[in-house]
Structures are given as C-alpha cells and as structure tokens.
Amino acid sequence: MSKEEIVEKMIHFMSDEFEVDADAIQPDANLKDTLGLDSLDYVDLVVSIESNFGVKLVEADFVGIASFQSFYDLIENKLKLKLA
C-alpha cells in the first residue's frame, strides 16, 4: 500500500468516524484538536486503525504524535514492519 493510499484511506475513515470535514484533516494540523479526541476517542481510533490496516497500536505509539503527518508516518512504518 502506497503512502498516498494510506493517507486517503485514513482521511476517509477519520472524517466519517469523528464527523470532521475531510478538508480539515491537513498534514500539519493537530490530530487531537482537529478530531476533538478524548481518551475514549483514542480507543475508537486504535480500533479503526486495527480494522482498516490490520496493525496493532499501543499507548506508547502515540508519544510524539501531534500532527496527521506524524500519524500517517506511524501507520506507514507499522505496515512496513508487518510486511517485513
């Protein structure tokens, strides 16, 4: 799966799941603020990632993740590790 496919898929499910306009999901935008995430929403996000990409995320994965771009990079790296 290419980086562009990952980003497109993530924007689609995040805008649906968190009822946010897809145009608001910009690479440099703040993930938590844009999606309005609270602790329970992070659980929903993790479940969505696992069901859409088949990768597991743990709390430690979110350390240092502030922007959508850093989140896309995390998922891309998790997918690469899964295929390795």
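Which residues in α4 are buried? Here are a few friendly notes on that helix and its neighbours, bearing in mind that this is a predicted model.

1. Buried positions. In α4, the buried residues are F68, S70, F71, Y72, L74, I75, E76 and L79. The elements they pack against are α1, α2 (31-35) and α3 (39-53).

2. The helix itself. With 16 residues, α4 spans 23 Å from its first C-alpha to its last. That is close to the 22 Å expected at 1.5 Å a residue.

3. How α1 and α4 cross. It helps to recall that two packed helices are described by the angle between their axes and the distance between the axes. Here, the axes of α1 (residues 3-17) and α4 (residues 68-83) come within 10 Å and cross at roughly 120°. Angles from 65 to 115 degrees count as roughly perpendicular and those over 145 as roughly antiparallel, so α1 is oblique to α4. The crossing of α1 past α4 is right-handed.

4. Who meets whom. From α1, the residues in this contact are K3, I6, V7, M10, I11 and M14. Their partners in α4 are F68, Q69, F71, Y72, D73, I75, E76 and L79. By character, the residues of the contact of α1 with α4 comprise 10 nonpolar, 1 polar and 3 charged.

5. A closer look at I11. This residue sits in helix α1. Leaving aside residues up to four places away in sequence, I11 touches A22, I25 and Y72. As for L83, I11 lies 72 residues from it in sequence and 23 Å from it in space, C-alpha to C-alpha.

Definitions and conventions. Residues numbered from 1 in each chain as written. Predicted model: local features only at pLDDT ≥ 70, side-chain atom pairs only at ≥ 80, totals over all residues. Heavy atoms only, no water. Axes fitted to C-alpha atoms, helices over the stretch in contact; angles between N-to-C directions. Helix = DSSP H or I, 4+ residues; strand = E, 2+ residues; numbered from the N terminus. Parallel < 35°, antiparallel > 145°, perpendicular 65-115°, else oblique. Left-handed = near helix turned anticlockwise from the far one by under 90°. Contact = heavy atoms within 4.5 Å. Nonpolar A, V, L, I, M, F, W, Y, C, P; charged D, E, K, R; others polar. Expected span 1.5 Å × (residues − 1). Buried < 20%, exposed > 50% of the residue type's maximum accessible area, 1.4 Å probe, protein only.
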